[in-house]
Amino acid sequence: MNSSRIALALVGVLAVTGLGLAAQDAWKRQYLGKSAFSVVLPGSLESAGETKVEDKEDWVVKTDDYTFENDDVFVLITVFHGKAGTVASDRHLATVAKDLVTGISEGEDAVKELGRKVGKLDEKPTVLQSHLLGSGDTASLFKSFLLGDGNKVFAVMAVGYPNDPKSVAAVDRVLGSVRYKMGVQ
């Protein structure tokens, strides 16, 4: 997977996280378009549009991106649409998870894996991973949750401040809220 687009988006975010572009609102569940994929956020999820992938060697043909940001957390949700024949299995999710960390950690002086868990959610394969990027006062907490369905991978990537309990709690709440089932409140 070509992770340079994700890396650029998240590197830019790491530079500006904390500007607080979104006001604090009540936490509410939001679905991605007409899909069964949903997450709870303290404000509105914004569509960042669709991107067609031109690289013929990439397994991805297009992505749909959504973002949310406030003072505590930045969230990027990307739906990767795979080529025909792609199966978003446990093995495929492991590769995507590794690519995400490689993309986001480019240029970082230190990357430390804090945890990784493979599982299932609503009958779909998942990977949850956590990393510390950088060190000292400039360190960032990066967590991602991947869910596979058919030829699609749903990726929730959250960035927060590891030394701020409110930020860590916001990251954990977002990732803990992911569901893949219609009608969840």
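**Close-up 1. Strand S7 and its partners S6 and S8.**
Strand S7 is mostly covered, with seven of its 10 residues buried. Keep in mind that this is a predicted model. On one pairing, S6 and S7 run antiparallel and are joined by 10 bridges. If you want a pair to zoom in on there, take Lys117, which stands opposite Leu128 in S7. The other pairing, S7 with S8, is also antiparallel, and eight bridges hold it in register. Here Leu132 has Leu141 in S8 as its bridge partner.

**Close-up 2. Two hairpin turns with positive phi.**
Strands S6 and S7 make a hairpin with two residues between them. Asp122 sits in that turn and has a positive phi of about 50°. The hairpin of S7 and S8 has six residues between the strands. In that one, Gly134 takes the positive phi, near 80°.

**Close-up 3. Asp122 again, now with Arg179.**
Besides its place in the turn, Asp122 meets Arg179 in a side-chain salt bridge, at 2.8 Å from N to O. Asp122 lies in the loop between strand S6 (111-121) and strand S7 (124-133), while Arg179 is in strand S10, so the pair ties together parts that are 57 residues apart in sequence. How exposed is Asp122? Its relative accessibility is 23%, so it counts as partly exposed. Arg179, at 24%, counts as partly exposed too.

**Close-up 4. The open sheet S1-S2-S10.**
Strand S10, home of Arg179, belongs to an open sheet of three strands in the order S1-S2-S10, with antiparallel pairing. The edges are strand S1 (28-31) and strand S10 (179-180), each pairing on one side only. Between S1 and strand S2 (residues 37-41) there are four bridges, again in the antiparallel sense. Lys28, for instance, has Leu41 in S2 as its bridge partner.

**Close-up 5. The largest nonpolar core.**
This core has 25 residues, and those with the most contacts inside it are Leu32, Phe37, Val75, Ile77 and Val156. Among the elements giving it two or more residues are S2, strand S5 (74-82), strand S9 (152-160) and helix H3 (165-176). Which element gives the largest share? That would be H3, with four residues. Ile77 is a handy spot to centre on: leaving out residues up to four places away in sequence, its contacts include Leu32, Phe37, Val39, Leu45, Ala155 and Val156. Ile77 also touches Asp64, Asp65 and Tyr66. Apart from this core lies another, of 20 residues, including Leu76, Phe80, Val153 and Ala155.

**Close-up 6. Salt bridges around Lys62 and Lys166.**
The model's salt bridges come to six. In one of them, the side chains of Lys62 and Glu50 meet at 3.1 Å, N to O. Lys62 is in strand S4 and Glu50 in strand S3 (residues 46-52), 12 residues apart. Both ends are partly exposed: Lys62 has a relative accessible area of 24%, and Glu50 has 43%. Another salt bridge joins Lys166 and Asp72, whose closest N and O atoms are 3.9 Å apart. Lys166 is in helix H3 and Asp72 in the loop between S4 and S5, 94 residues apart. Is each end buried or exposed? Lys166 is exposed, with a relative accessible area of 52%, whereas Asp72 is buried, at 7%.

Methods: Residues numbered from 1 in each chain as written. Predicted model: local features only at pLDDT ≥ 70, side-chain atom pairs only at ≥ 80, totals over all residues. Heavy atoms only, no water. Pairing = 2+ DSSP bridges. Core = buried A, V, L, I, M, F, W, Y, C linked by side-chain atoms within 4.5 Å. Buried < 20%, exposed > 50% of the residue type's maximum accessible area, 1.4 Å probe, protein only. Contact = heavy atoms within 4.5 Å. Salt bridge = Lys/Arg side-chain N within 4 Å of Asp/Glu carboxyl O.
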